[in-house]
Amino acid sequence: RIKKQIEMSFPFHNFFPTPPKVEHVYYPALESSPQFETFSKMGLKGAGGVLAFELCGGLEAGKVLCESVQLIHLAVSLGSVESLIEHPATTTHSMLAQDVREAAGVTDGLVRLAVGVENVEDLVRDLENALSNV
């Protein structure tokens, strides 16, 4: 399952649009990642099936995106064969004060995506459609 999820995550690396929709993508296999040099030295073929990205529109953008996906399931778990998305500011970290969340790196626009084993073109299309609502 992990091998398939790593393989499935690659199309998402370069999928995300630049501002005004997505400010930053977090995934150690991306050359733009601060962890890329360390990741490259490890000789791994992938960095897992979970990536995170920062939406430019903050809290509202994160909520709208997660409510707009059709194939990707909104869930706080990030480990399954199905693709899952979560918005930590309104789910797992919602009980924390904003300054505490942000100090931990959980900003209002942060979204986590765990790529499953579904058809990758369908998943990309789902995310594209959802981003058009943001």
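The following legends describe close-up views of a predicted model.

**View 1. Overall arrangement of the secondary structure elements in the predicted model.** The protein comprises 5 helices and 5 strands. Read from the N terminus, these elements follow the pattern α-β-α-β-α-β-β-α-β-α. Of the 134 residues in the protein, 43% are buried. Among contacts between residues at least 6 apart in sequence, 68% link residues that are at least 24 apart. The exposed area of the protein is about 7,200 Å², of which carbon and sulfur atoms contribute 54%.

**View 2. The open sheet and its edge strands.** The 5 strands of this open sheet are arranged in the order β1-β2-β5-β4-β3, and their pairing is mixed. The edges are formed by β1, residues 22-26, and β3, residues 73-74, each of which pairs on one side only. Strands of a sheet pair through backbone hydrogen bonds, in either a parallel or an antiparallel manner.

**View 3. Pairing of edge strand β1 with β2.** Strand β1 is joined to β2, residues 50-55, by 4 bridges, and the two strands run antiparallel. Val22 has Leu55 of β2 as its bridge partner. Tyr26 has Ala52, likewise in β2, as its bridge partner.

**View 4. Strand β2 and its pairing with β5.** Strand β2 is also joined to β5, through 5 bridges, and this pair runs antiparallel. Within the pair, Glu54 stands opposite Leu110 of β5. In the sheet order, β2 lies between β1 and β5. Because 5 of its 6 residues are buried, β2 is largely enclosed by the rest of the structure.

**View 5. Helix α3 across the sheet.** Helix α3, residues 58-68, lies across four strands: β2, β3, β4 and β5. Of these, β4 spans residues 84-86 and β5 spans residues 110-114. Relative to β2, helix α3 runs at about 130°.

**View 6. Cysteine environments at Cys56 and Cys66.** Cys56 has a relative accessible area of 33% and is therefore classed as partly exposed, since this value lies between the cut-offs of 20% and 50%. Cys66, by contrast, has a relative accessibility of 5% and counts as buried because this value is under 20%. A search of the whole structure yields 0 disulfides.

Note on methods:
Residues numbered from 1 in each chain as written. Predicted model: local features only at pLDDT ≥ 70, side-chain atom pairs only at ≥ 80, totals over all residues. Heavy atoms only, no water. Pairing = 2+ DSSP bridges. Contact = heavy atoms within 4.5 Å. Axes fitted to C-alpha atoms, helices over the stretch in contact; angles between N-to-C directions. Disulfide = S-S within 2.5 Å. Buried < 20%, exposed > 50% of the residue type's maximum accessible area, 1.4 Å probe, protein only. Areas by Shrake-Rupley, 256 points an atom, 1.4 Å probe, with all protein chains shown as cover.
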